[in-house]
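The following note sets out comments on the model shown below. The points move from single residues to the chain as a whole and back again.

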Amino acid sequence: MNMTVVGIGIGAFVAFMSFQFGLWGFLGSLLFMGIGALLGRAADGKLDLRSVLDAIIGRRSSS
């Protein structure tokens, strides 16, 4: 199993736990699953979080 699958699994576990809180728990669980997937990709080395952060805040790459 790669780290992306592990990250999604952890996010799904948090999602299951948050279903107890209704719609907002569901929406929060989607957020947690996305964060888990991103962190899993970063742990695999397939995603550079610094580049993602730079893209979000609008910095341009010099390369």
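**Comments on the model**

1. A55 is exposed, with a relative accessible area of 57%. This residue of the predicted model belongs to helix α3. Its C-alpha atom is 18 Å from that of A37, and the two residues are 18 positions apart in sequence. A37 itself is listed among the buried residues of α2.

2. V52 is also a residue of helix α3. Its relative accessibility is 28%, so V52 counts as partly exposed, given that the buried class is reserved for values under 20% and the exposed class for values over 50%. From V52 to L38 the C-alpha distance is 9.9 Å, across a sequence separation of 14 residues.

3. On confidence, the mean pLDDT of the chain is 81, and 95% of the residues score at least 70. Helix α3, covering residues 49-57, has the highest mean of the elements, at 84, whereas α1 has the lowest, at 81.

4. As to overall architecture, the chain contains 3 helices and 0 strands, in the order α-α-α from the N terminus. The radius of gyration is 14 Å, well over the 11 Å given by the globule rule for 63 residues, so the chain is more spread out than a compact globule. The C-alpha trace spans about 45 × 30 × 10 Å along its principal axes.

5. The surface figures may be read alongside these dimensions. Of the 63 residues in the chain, 16% are buried. The exposed area of the chain is about 5,000 Å², of which carbon and sulfur atoms supply 70%.

6. Helix α2 deserves a separate comment. It comprises residues 22-44, a total of 23 residues, and its first and last C-alpha atoms are 33 Å apart, close to the 33 Å expected at 1.5 Å a residue. G25, S29, G36, A37 and G40 are buried in this helix, and the buried residues of α2 pack against α1. In general, an α-helix has 3.6 residues a turn, so residues three or four places apart point the same way. Just after α2, G45 adopts a positive phi of about 85°.

7. Which residues does T4 contact, leaving aside its neighbours within four places in sequence? They are G40, R41 and D44. T4 is located in helix α1, which covers residues 3-18, and G40 is one of the buried residues of α2. The side chains of T4 and D44 are joined by a polar contact of 3.4 Å.

8. Is T4 buried or exposed? T4 has a relative accessible area of 13% and is therefore buried, as the cut-off for that class is under 20%. The C-alpha atoms of T4 and A37 are separated by 5.5 Å, although the two residues lie 33 residues apart along the chain. A37 is thus a useful reference for reading two distances together: 5.5 Å to T4 in the case of α1, and 18 Å to A55 in the case of α3.

Note on methods: Residues numbered from 1 in each chain as written. Predicted model: local features only at pLDDT ≥ 70, side-chain atom pairs only at ≥ 80, totals over all residues. Heavy atoms only, no water. Helix = DSSP H or I, 4+ residues; strand = E, 2+ residues; numbered from the N terminus. Rg over C-alpha atoms; globule rule 2.2 N^0.38 Å. Buried < 20%, exposed > 50% of the residue type's maximum accessible area, 1.4 Å probe, protein only. Areas by Shrake-Rupley, 256 points an atom, 1.4 Å probe, with all protein chains shown as cover. Polar contact = N/O pair within 3.5 Å; in protein donor to acceptor, adjacent residues only side chain to side chain. Contact = heavy atoms within 4.5 Å. Expected span 1.5 Å × (residues − 1). pLDDT = per-residue confidence, 0-100.
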